[in-house]
Amino acid sequence: MTVAEFRRGLMNSSPASLPSQPRLTVPLEVYYFDTDAGGVVHNIAYLRMVEIARSQLAASLGWTLEEMNRTGLVAVVARTEIDYLKPARLGDSLLVTAELTRLEKVRSFMRFEITSARQPDLVFIRCVQTMVAVQLPGGRPQRVPAAWREAYPQLVQP
């Protein structure tokens, strides 16, 4: 598949093939490599968890890692805002919720929340990321997929 074919497929795919809500929840566990000597999750480990959920959300919206690798059309993080609310600890079962919240011409916005799987009201972090689709190797920005704008018109901003 060429880059042009992929772009036509993703950018022009049918909105009917997309989930009704651009949202998913990923269960994760806290492992030793996620924590410091005191068993508390490192700030960078939260970003890795967000990356997992973001990649799975993108795949559910028709933009898989394999397609990004094959075509060079990739999602790039332009900005991350994260609020660390409570410390997660070694052995905790977590739920990472990812949601596409806003679409602009070349930027998309995603919101994340990491909560306890055992106590859903216990929120560890909240995060918002700004994403830009770019064509590698040059890094030229590309439009947000048309199928996303059609499937989720409530998210489209000028």
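Which residue's side chain meets that of Glu 51 in a salt bridge? Arg 54 does, at 2.0 Å from N to O. The close-ups below come from a predicted model, which has 8 salt bridges in total.

**View 1. Glu 51 and Arg 54 pair up within helix α2.** Both residues sit in this helix, 3 residues apart, or about one turn. Their side chains make a salt bridge with an N to O distance of 2.0 Å. Glu 51 is partly exposed, at 35% relative accessible area. Arg 54 has just 8% and is buried, because the cut-off for buried is under 20%.

**View 2. Arg 48 reaches Asp 34 through a salt bridge.** Here the N to O distance is 2.2 Å. This pair ties together distant parts of the chain, 14 residues apart: Arg 48 belongs to helix α2 (residues 43–60), while Asp 34 is in the loop between β1 (23–29) and α2. Asp 34 is buried, with 0% relative accessibility. Its partner Arg 48 is partly exposed, at 33%.

**View 3. Arg 79 and Glu 81 form a salt bridge.** Look for the side-chain contact at 3.1 Å, N to O. Arg 79 comes out as partly exposed, with 48% relative accessibility. Glu 81 is partly exposed too, at 42% relative accessible area. Neither residue counts as exposed, because that label needs over 50%.

**View 4. Arg 23, Glu 99 and Arg 111 share a network.** Salt bridges link these three residues. As a general point, oppositely charged side chains can pair when their charged atoms come close.

How values were computed: Residues are numbered from 1 along each chain as its sequence is written. This is a predicted model: local features need pLDDT of at least 70, side-chain atom pairs count only at pLDDT 80 or more; totals for chains, interfaces and linings use all residues. Side-chain values use heavy atoms; hydrogens and water are left out. A salt bridge is a side-chain nitrogen of Lys or Arg within 4 Å of a carboxyl oxygen of Asp or Glu. Helices (H or I, at least four residues) and strands (E, at least two) are DSSP runs, numbered from the N terminus. Buried means under 20% relative accessible area, exposed over 50%, partly exposed in between (1.4 Å probe, protein chains only).
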